[in-house]
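The exercises below each set a task and then work through a solution step by step. Please keep the sequence and the coordinates at hand while reading.

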Amino acid sequence: MATFVEEKAENPFEIAQQQFDIAADILNLDHGMRQILRVPQRELTVRFPVTMDDGSVRVFTGYRVHHNITRGPAKGGIRYHPAVDIDEVRALAMWMSWKCALVNIPYGGAKGGIVVDPKQLSTHELEHMTRRFASEISLLIGPEKDIPAPDVGTNAQIMAWIMDTISMHRGYTVPAVVTGKPIDVFGSLGRTDATGRGVSITAREAAKHLGISFADARAVVQGFGNVGSASAALIQKMGAKIVAVSDVSGGYYNPQGLDVPTMMRYAAQNRSLEGYKEPGLEHVTNGELLELECEILVPAALENQITGANADRIKARIIVEGANGPTTPSADEILYDRGVFIVPDILANAGGVTVSYFEWVQGLQEFFWSEEEINERLERIMIRSFSSVLEIALRDRVPLRTAAYVVAVKRVADATLIRGIYP
Ligand code: NAD
């Protein structure tokens with residue numbers, strides 16, 4: 001099995017704070033405001049037992065963190081991964097605050113996670129662990145205060161179990177307590193591929209800005225889960241050639257272009273791309289994949305993939321961050337100097353939370369929209385957000401990440417100032 005590049009080599013929360021500091025300096029935020037926005041507002045750690053299939057008891061550790069709720073209820077996914085820790089959850093919660101502010105939806109930022117490899121659990125164990133975790137964090141979650149969603153290692157079924165658990169506690173069905181639910185139980189049309197759709201739209205806008213023809217572009221996607229597979233499928237549909245994708249089993253490279261729909265069916269059946277075959281296929285590691293010749297690179301797995309150690313070997317002209325935190329600040333600097341155009345995570349992958357917002361609104365109103373309407377509204381928001389960030393980046397001659405942070409942090413700081421400090 002291929003090794004992953006420098007996973008967790010750098011502390012994601014420290015990185016998130018460094019990124020915030022750059023924007024705080026540009027915005028000239030005072031010391032008090034920096035103190036408020038630099039740290040999460042609430043952190044809940046839970047340790048809870050689950051009876052496993054063999055009758056033994058296992059205690060799991062989970063987290064739910066609210067970074068900031070000034071602009072609305074806390075919003076953010078739940079991750080199931082063995083490398084989850086409090087600093088990762090803090091970083092992801094902070095990034096959610098900025099992401100929601102950037103696309104201007106009325107949410108604060110949150111994130112949660114359990115330290116677990118869900119692939120090692122039976123369906124029965126996964127359900128019990130999820131329901132107990134939902135009960136433990138029910139102190140915090142609810143349609144008016146904190147609305148979880150899927151992230152790495154979680155999916156629509158897990159969201160259905162959380163919704164059902166909270167509904168059992170309350171004694172009535174509470175659709176709007178989570179988003180990313182299955183369509184049969186108050187999910188939204190268009191949610192499954194919303195993050196990938198946003199990634200593909202920002203990739204297209206970036207290519208347009210740089211004068212790169214999408215029809216002649218080659219794209220490489222790291223990660224083939226919810227975000228990676230939908231990004232690959234939609235980028236291909238827009239005319240570019242997907243020459244490589246990867247997952248935890250390694251990278252799959254075909255310079256002639258991969259058969260993405262067949263790969264998606266294979267991954268759905270086998271829970272991974274391991275063993276996938278097609279004519280002309282070459283195997284590469286996840287590290288090598290990032291350095292392939294291409295116009296568009298979409299990291300869509302985990303944090304810290306593009307670092308000071310490999311940034312000077314990246315050949316892509318555009319990086320569209322499907323994942324949260326895939327590029328470290330030292331890599332950012334190297335890539336900016338080399339003229340690589342990075343569409344930052346809080347912009348590129350905001351399609352997911354945008355359609356989650358639509359799902360929450362539909363759940364609260366019990367009035368459901370057509371897929372066409374959802375995709376149109378999403379496209380409008382992504383294009384508007386991309387152009388407002390690009391405008392500031394060009395005006396102030398700063399990277400897109402800095403421009404995106406300036407827009408987002410300013411919105412949260414302004415709201416904080418207007419609301420004032422209680423009591
Ligand atoms: P997922 O669990 O559906 O897929 C994750 C993918 O990454 C899988 O293909 C997995 O094999 C691969 N992966 C995991 N560990 C790996 C490793 N060590 N080496 C190589 N590949 C590895 O998760 P997802 O929901 O697609 O999330 C991917 C990224 O996108 C995360 O950074 C997440 O925070 C971010 N994101 C997700 C959403 C969403 O709506 N799901 C929204 C915004 C951002």
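**Exercise 1.** Which side chain is joined to that of Arg197 by a polar contact, and at what distance?

*Solution.* The model is a predicted one, in which local features need pLDDT of at least 70 and side-chain atom pairs count only at pLDDT 80 or more, while totals for chains, interfaces and linings use all residues. Residues are numbered from 1 along each chain as its sequence is written, and side-chain values use heavy atoms, with hydrogens and water left out.

Begin by placing Arg197, which lies in helix H6, residues 194–210 (helices are DSSP runs of H or I with at least four residues, strands are runs of E with at least two, and both are numbered from the N terminus). Next, setting aside neighbours within four places in sequence, list the contacts of Arg197, namely Leu234, Asn375 and Leu378, where contact means heavy atoms within 4.5 Å. The partner sought is Asn375, whose side chain makes a polar contact of 3.4 Å with that of Arg197 (a pair of N or O atoms within 3.5 Å; within protein, one must be able to donate a hydrogen and the other to accept it, and residues adjacent in sequence count only if both atoms are side-chain atoms).

**Exercise 2.** Describe the interface of domain 1 and domain 2.

*Solution.* First fix the bounds, which come from an automatic or database domain assignment: domain 1 covers 40–185 and domain 2 covers 194–348. Their centres, taken over C-alpha atoms, are 27 Å apart, and the contact draws 13 residues from domain 1 and 10 residues from domain 2.

Then turn to area: about 990 Å² is buried between the two domains, 58% of it on carbon and sulfur atoms, buried area being the accessible area (1.4 Å probe) that two parts lose on being put together, summed over both. On the side of domain 1, Trp95, Lys99 and Lys119 lose the most area to domain 2, together 47% of what that side buries.

Finally, consider the polar terms, for which the count between the domains is 1 salt bridge (a side-chain nitrogen of Lys or Arg within 4 Å of a carboxyl oxygen of Asp or Glu). The rule for polar contacts finds 2 residue pairs across this interface, both at pLDDT 80 or more. Strand E3 (74–81) and helix H3 (86–102) are the elements that give two or more residues to the side of domain 1 touching domain 2, and H3 supplies the largest share, 6 residues.
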